[in-house]
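Open the model in your viewer and keep the selection panel at hand. This tour tells you what to select next and what is there.

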Amino acid sequence: MQSMLTAATTMSQVQQQLDTISNNIANIDTTGFKKKLANFNELLVQQYNNQLNPAAEIGRNTPSGIRYGVGGKIGDVSTIFLQGTIQQTGRAMDFAFMNPDQFLSVSVIQNGQPIQGYTKDGSLQLSPVQGNPNLVQVTTSDGYTVNGANGQPIVLPANGGKVSITGDGAVTVYGQGGNVIQRIPLGIVQVTKPQILESMGSNVYRVSPGNGANLATDIVPLNNAQVQTGALEGSNVQLEDEMTNLIVSQRHYQAIARTLTTGDQMYGLINNLRQ
Amino acid sequence: MLRGFYDAAAGMITQQRLVDMYTNNITNAQTPGYKADRASIRAFPEMMLNAYGTMGVPNTGLPQSYTKVGALNTAAYVQEISADFSTGSIKQTGLSTDVALIEGNIPYNAQAKTKGSLFFTVQDAQGNIRYTKDGHFQLDSRGNLTTPEGYKVLGVNGQPIVVQGTMKITQNGQVYDNNQLVGQLNIAFSSNPYLLKKEGNGLFYLDNNAILPTALNTPNVTFGVSQGYVEQSNIDLGQETTNYMLAYRSFEANQRVLQSMDKSLDLAVNSVGKLQ
């Protein structure tokens with residue numbers, strides 16, 4: 001029966017929308033998290049030619065035959081790159097981007113291969129370099145290597161001095177007297193087309209492979225980016241929006257489930273025509 | 001056989017089609033730009049019933065008499081399913097690629113007995129022109145403005161709209177890319193929306209892939225385009241669920257009629273002329 005199939009197909013799609021919303025809510029405290037929105041679209045429409053004699057149709061407005069659809073689906077799940085609120089932390093190695101299309105270049109090891117990633121998470125740390133106890137490198141809080149403006153990992157001598165991120169987007173090492181010993185600019189890029197990015201998990205994005213992006217113009221290195229220091233960009237999830245969407249989604253799911261049970265009852269009526 | 005049998009069965013099929021249609025409406029309650037389907041049911045042509053009397057005697061030349069009983073319809077069927085083009089509520093999303101089409105002054109077509117309607121123009125993969133009310137667009141990696149299926153949104157010049165930088169869309173549909181004018185959204189006007197057929201994925205089309213005129217050149221048609229807003233589905237869950245329940249109960253009533261027809265036939269077949 002068509003109505004039961006329609007209902008069953010769309011219920012699984014509404015379930016996916018609920019999953020997206022709960023993922024947003026779960027990440028309400030994640031630094032630099034960008035919320036996702038699931039949007040619906042119609043499925044195909046089927047035409048039934050139920051008139052044997054089209055010429056005998058009197059008072060007809062629409063073209064011959066009847067057409068109705070077979071349900072809905074999630075058309076796309078879009079990532080919303082709106083700026084989150086800036087929270088002051090006072091930590092020297094924390095920084096926040098002021099612009100929604102600025103990202104930090106990081107290197108992620110996946111299956112033994114390094115992959116170019118981009119993140120908004122400005123909570124940086126110094127991690128030991130494998131094999132050399134005298135060196136440390138700048139990494140994100142998940143341990144991904146941060147790239148400098150030259151594309152290479154930022155390696156500093158261990159115990160070299162106080163390390164902080166300065167407002168001009170660089171890792172700066174200060175000596176005993178407060179003088180600058182070393183200054184390495186961070187690999188900050190501007191993504192002019194955020195639609196080419198896809199989420200890799202762990203707050204890192206990468207360019208979706210094979211979608212025709214022109215990397216030379218779409219991801220532009222920034223040399224003098226201004227960042228907010230001692231602060232972090234919070235998640236851009238708004239709890240009131242997500243709760244409203246959650247309620248709408250749940251009620252929709254309920255309405256569809258009702259049509260499913262009623263369709264089942266109709267089938268029961270047909271089966272009980274003759275006891 | 002008893003005429004009622006076929007009537008009741010046709011009634012059940014009609015209500016089943018209605019239920020399928022209402023279910024589809026309910027499943028698309030969250031689809032932007034979705035237009036609810038409405039059905040019209042028509043009775044099959046009438047036939048005249050005459051009761052032949054017993055006054056006449058054969059082979060005597062005296063006329064056979066009959067009394068007119070009246071007209072009887074022989075069941076009903078779903079004649080048409082048409083979309084209800086009333087505007088759904090406008091929701092603010094803040095996405096720069098979401099566009100809402102707000103109808104201003106739309107003339108009433110007295111011949112077709114309907115108001116006209118405005119649509120966005122898109123082009124599918126085969127190059128055919130399609131129309132849609134769903135303003136939730138995306139930018140693909142090459143900068144084309146597309147629907148979620150990937151169909152390109154066309155401008156007034158018939159070319160896809162391409163944006164490489166920051167997109168701004170004005171009230172009359174002009175598209176600016178980093179403050180440079182790159183095109184104008186083609187808003188098509190249909191004076192008789194009954195002629196449009198649904199294709200699926202939120203698209204409408206005319207027979208033979210015919211083209212609708214653009215609303216910019218049409219007198220007495222005004223509209224506004226709002227960026228950052230999207231028009232939602234125009235279905236009302238309460239109304240659809242109520243209609244759905246009515247269709248189900250009609251289905252049940254037809255089923256009861258069918259059962260009682262069955263019992264009558266049972267008597268006619270098994271009990272008439274039975275010798276005790």
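## First stop: a loop in chain A

Select Asn203(A): its relative accessibility is 13%, so it counts as buried. Buried means under 20% relative accessible area, exposed means over 50%, and partly exposed is in between, with a 1.4 Å probe and protein chains only. Asn203(A) is not a glycine, yet its phi is positive, about 65°. Find it in the loop between β17 and β18 of chain A. Helices are DSSP runs of H or I with at least four residues, strands are runs of E with at least two, and both are numbered from the N terminus.

Now pick Ser202(A), in the loop between β17 and β18 (204–207) of chain A. Its phi is near 55°, again a positive value in a residue other than glycine. Ser202(A) is partly exposed, at 42% relative accessibility.

A note before moving on: this is a predicted model, where local features need pLDDT of at least 70 and side-chain atom pairs count only at pLDDT 80 or more, while totals for chains, interfaces and linings use all residues. Residues are numbered from 1 along each chain as its sequence is written, chains are lettered from A and ligands numbered from 1 in the order in which they are written, and side-chain values use heavy atoms, leaving out hydrogens and water.

## Salt bridges

Side chains of opposite charge can pair when their charged atoms come close. Here a salt bridge is a side-chain nitrogen of Lys or Arg within 4 Å of a carboxyl oxygen of Asp or Glu. The count over all chains is 15.

Select Lys34(A) and Glu233(A). Their side chains form a salt bridge, 2.5 Å from N to O. Lys34(A) sits in the loop between α1 (2–26) and β1 (36–42) of chain A and Glu233(A) in strand β21 (residues 231–233), so the pair ties together parts that are 199 residues apart in sequence. Lys34(A) is buried at 0% relative accessibility. Glu233(A) is buried too, with a relative accessible area of 1%.

Next, go to Arg91(A) and Asp94(A). The closest N and O atoms of this salt bridge are 2.6 Å apart. Arg91(A) is partly exposed, at 33% relative accessible area. Asp94(A) is buried, at 3% relative accessibility.

Switch to chain B and select Lys198(B) with Asp37(B). This salt bridge spans 3.1 Å, N to O. Lys198(B) is in strand β18 and Asp37(B) in strand β1 (residues 37–43) of chain B, so the bridge links distant parts of the chain, 161 residues apart. Lys198(B) is buried, with a relative accessible area of 10%. Asp37(B) is buried, with a relative accessible area of 3%. Then add Arg249(B), Glu252(B) and Arg256(B): salt bridges that share partners join them into one network.

## Buried acids without a salt bridge

Select Glu242(A), in helix α3 (residues 239–271) of chain A. Which side chain of opposite charge is nearest to Glu242(A)? It is Lys35(A), 4.8 Å away; Glu242(A) is buried yet has no salt bridge. For charge, Lys and Arg count as positive and Asp and Glu as negative, while His and the chain ends are not counted. Show the contacts of Glu242(A), leaving aside neighbours within four places in sequence: Ile21(A), Asn24(A), Ile25(A), Lys35(A) and Val237(A). Contact means heavy atoms within 4.5 Å.

Now select Asp98(B), in the loop between β5 (90–92) and β6 (99–103) of chain B. Asp98(B) is also buried without a salt bridge, and the nearest side chain of opposite charge, Lys91(B), is 8.0 Å away. Add His136(B): its side chain makes a polar contact with the side chain of Asp98(B), at 2.8 Å. A polar contact is a pair of N or O atoms within 3.5 Å; within protein, one must be able to donate a hydrogen and the other to accept it, and residues adjacent in sequence count only if both atoms are side-chain atoms. Not counting residues up to four places away in sequence, Asp98(B) touches several others, including Thr93(B), Phe137(B), Ser226(B) and Tyr229(B).

## Last stop: open and closed space

Show the largest pocket, with about 1,100 Å³ of space. It is lined by 39 residues, and the closest to its centre are Thr79(A), Phe81(A), Pro194(A), Gln195(A) and Ser96(B). β4(A) gives the largest share of the lining, four residues.

Finish at the largest cavity, with about 120 Å³ of space. Select Ile81(B), Ser82(B), Ala83(B), Leu196(B) and Lys198(B), which lie nearest its centre among 13 lining residues. β4(B) gives the most to this lining, with three residues.

On a 1 Å grid over the protein atoms alone, a cavity is a set of points where a 1.4 Å probe fits but cannot get out, and a pocket is an open set with protein on both sides within 12 Å along at least five of seven lines; lining residues have an atom within 4 Å of a point. Grid points are joined across faces, edges and corners, and a volume is the space filled by probe spheres set on the points.
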